[in-house]
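Trainee: Please take me through this model one site at a time. I should like each answer to show its reasoning and to close on what I asked for.

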Amino acid sequence: MNTAAVLVRCESAARTYGAGATAVVAVHGASCEIRAGDRIAITGPSGSGKSTLLHLMAALEEPTSGRVTWPGLTGKPGPETVGVVFQGPSLIPALDVVENTALPLVLSGRPEPSARRRALDCLALVAAGHLADKLPEELSGGQAQRVAVARVLAAAPRLILADEPTGQLDRVTGRHVIDVLLATADTLGAGLVVTTHDLRVARRLSRQWSMDDGRLRAGPDTFPASAPATPQGAGP
Ligand code: ADP
Ligand code: MG
């Protein structure tokens, strides 16, 4: 039995945008648990509800029905407990790259020199150290995406939610970003969820879930693993 802390639990969590005839059900009642140590890919076409589900897990959105709770965290999620790598642009235009990366640490009271040092270390991990004093507008989409990853790593959260973190990266850089996310999640003992529509990326994580038209399909491995039945006479 998996006794690791449940970092987030969704119980029939649903999110509808708008009302009446124009209402869009982005996520139908989704039920799942993410524990420390979990490595989960969520695949699905564009518009299937992946980003909305991650935003529910990060408390950035309220479910319109059902519940989302964080039994293994104290208090509500914040950058130091649940780190989100956003799918779209998320850097603050007026701050340079190192200031953007250090911001969650500074906001949580860390002295600036120490926050900058940690930010620079995390930028180096995603091969973005040389971008430290650039402004977001000077970055390519892929560079900005790597900085967004570094900002999450710097905050050392218990749960990392990465929304298509390789969407704008070439294959080699994308593979490297997944390497860094996996290694950091291991170091922190964190849970890691990555949404993607690239099956090569999804296969890097130990479990694959999928979303289709707002419905989450968690794999059979969601349930407590039982010993695999070995057919009689099988094997050497
Ligand atoms: P994905 O990340 O899989 O592409 P999303 O979660 O972004 O899917 O979107 C799921 C559905 O919800 C889509 O139909 C999308 O248009 C709709 N949606 C997402 N965010 C909003 C919003 N803020 N307002 C209205 N509709 C939205
Ligand atoms: Mg999305």
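Mentor: Helices (H or I, at least four residues) and strands (E, at least two) are runs in DSSP, and their numbering starts at the N terminus. The model is predicted, so local features require pLDDT of at least 70 and side-chain atom pairs pLDDT 80 or more, while totals for chains, interfaces and linings take in all residues. Residues are counted from 1 along each chain as its sequence is written, chains are lettered from A and ligands numbered from 1 in the order in which they are written, and side-chain values rest on heavy atoms, without hydrogens and water.

Trainee: In which strand does Val-6 lie, and is this residue buried or exposed?

Mentor: Strand S1, which covers residues 6-17, contains Val-6. Relative accessible area sets the class: under 20% is buried, over 50% exposed, and values in between are partly exposed (1.4 Å probe, protein chains only). Val-6 has a relative accessibility of 9%, so Val-6 counts as buried.

Trainee: Which residues is Val-6 in contact with, beyond its neighbours within four places in sequence?

Mentor: Contact requires heavy atoms within 4.5 Å. One long-range pairing is seen in the C-alpha atoms of Val-6 and Ala-36, which are 30 residues apart along the chain and separated by 6.7 Å. Once the neighbours within four places are set aside, the contacts of Val-6 are Glu-33, Ile-34, Arg-35, Trp-70, Pro-71 and Gly-72.

Trainee: Where is Gly-44 found, and which residues does it contact outside four places in sequence?

Mentor: Gly-44 belongs to the loop between strand S3 (39-43) and H1. With a relative accessible area of 11%, Gly-44 is buried. From C-alpha to C-alpha, Gly-44 and Glu-137 are 30 Å apart in space, with their places 93 residues apart in sequence. Apart from neighbours within four places, Gly-44 is in contact with Lys-50, Thr-196, His-197 and Met-211.

Trainee: How many residues of H1 are buried?

Mentor: The buried members of H1 are Lys-50, Thr-52, Leu-53, Leu-54, His-55, Leu-56 and Met-57. The helix is thus mostly covered, the count of buried residues being 7 of its 8.

Trainee: Which element gives the most to the shell around ligand 1?

Mentor: A residue is near a molecule or strand when one of its heavy atoms lies within 4 Å of it. The shell around ligand 1 consists of Tyr-17, Val-24, Ala-26, Pro-45, Ser-46, Gly-47, Ser-48, Gly-49, Lys-50, Ser-51 and Thr-52. Strand S2 (24-35) and H1 each provide at least two of these residues. The element that gives the most, with 3 residues, is H1.

Trainee: What distance separates an oxygen atom of ligand 1 from a side-chain N or O atom of Thr-52?

Mentor: A polar contact pairs N or O atoms within 3.5 Å; within protein, one must be able to donate a hydrogen and the other to accept it, and residues adjacent in sequence count only if both atoms are side-chain atoms. A backbone N or O atom of Ser-48 is 3.1 Å from an oxygen of ligand 1, and a polar side-chain atom of Ser-51 is 2.9 Å from an oxygen of the ligand. For the side chain of Thr-52, the distance to an oxygen of ligand 1 is 2.6 Å.

Trainee: Thr-52 is in helix H1; which residues does it touch beyond four places in sequence?

Mentor: Thr-52 has a relative accessible area of 10% and is therefore buried. Not counting residues up to four places away, its contacts are Arg-15, Tyr-17, Ala-26 and Val-27.

Trainee: Which residues are the protein donors of the magnesium ion, ligand 2?

Mentor: Donors are N, O and S atoms within 2.8 Å of the metal (3.2 Å for Na, K and Ca), and sites may look incomplete because water is not among the atoms. Two protein atoms, OG and OE1, lie 2.0 to 2.2 Å from the ion, and they belong to Ser-51 and Gln-87. This pair joins distant parts of the chain, 36 residues apart: helix H1 (residues 50-57) holds Ser-51, and the loop between strand S5 (82-85) and helix H2 (97-107) holds Gln-87. The donors are thus Ser-51 and Gln-87.

Trainee: Which class of accessibility applies to Asp-213?

Mentor: Asp-213 is located in the loop between strand S8 (207-212) and strand S9 (215-217). Its phi is positive, about 50°, although the residue is not a glycine. A relative accessible area of 57% makes Asp-213 exposed.
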